[in-house]
Amino acid sequence: KPIRSKDKQSSMFTSEQWSALGRQSYLSKILKFLVSEPRDPFGVRLLTRRIDGYVSQAMSLGLEDVDDICAFAIHMERHGIHSMDSPTIIEAIESARRGERSFFRSMAELQSQF
């Protein structure tokens, strides 16, 4: 259902459009980080859609910290959505949700093991 802006201008946005606007800062941060990695220049639009989906998924999983959300999206982009089945990733998400250890820290520690 469209939502009118407070000043009742003629422009209207759906709740999903407002949500997408709210995720723009995450997208910007993640894309700046990933710019150093080789990418297909014609795949930027698809990359942006995937990253937005990962950010949305991180939020729906209960990750709230900016660095956790960004780390989740970067991990999913690098390792694929199938990595969600990993007990290590599941535990990292649960630890972050419980406030015990950030997802970002869990991923940094996992990375340092390799």
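Before I turn to the pocket, let me say that by a helix I mean a DSSP run of H or I that is at least four residues long, and that helices are numbered from the N terminus. With that in hand, please keep in mind that what we are looking at is a predicted model.

Let me begin with confidence, since the rest depends on how the model is read. The protein averages a pLDDT of 83, and 83% of the residues score at least 70. Confidence is highest in helix α5, residues 87-98, at a mean of 96, and lowest in strand β1, residues 2-4, where the mean is 51. Where pLDDT is low, the predicted coordinates should not be read in detail.

Now to the largest pocket, which holds about 440 Å³ of space. It is lined by 16 residues, and those closest to its centre are Ala71, Ile74, His75, Arg78 and Met107. Which helix gives the largest share of that lining? It is α4, which contributes 7 residues. Helices α2 (24-34), α4 (66-79) and α6 (103-112) each supply at least two residues of the lining. As for the chemical classes, the lining has 10 nonpolar residues, together with 3 polar and 3 charged ones.

Finally, I would like to point to one residue, Asp52, which is found in helix α3, residues 44-60. Is Asp52 buried or exposed? Its relative accessibility is 17%, and because buried means under 20%, Asp52 counts as buried. If we set aside the neighbours within four places in sequence, Asp52 is in contact with Arg23 and Leu27.

Note on methods:
Residues numbered from 1 in each chain as written. Predicted model: local features only at pLDDT ≥ 70, side-chain atom pairs only at ≥ 80, totals over all residues. Heavy atoms only, no water. 1 Å grid on protein atoms, 1.4 Å probe; cavity = no way out; pocket = protein on both sides within 12 Å on 5 of 7 lines; lining within 4 Å. Points joined across faces, edges and corners; volume = space filled by probe spheres on them. Nonpolar A, V, L, I, M, F, W, Y, C, P; charged D, E, K, R; others polar. pLDDT = per-residue confidence, 0-100. Buried < 20%, exposed > 50% of the residue type's maximum accessible area, 1.4 Å probe, protein only. Contact = heavy atoms within 4.5 Å.
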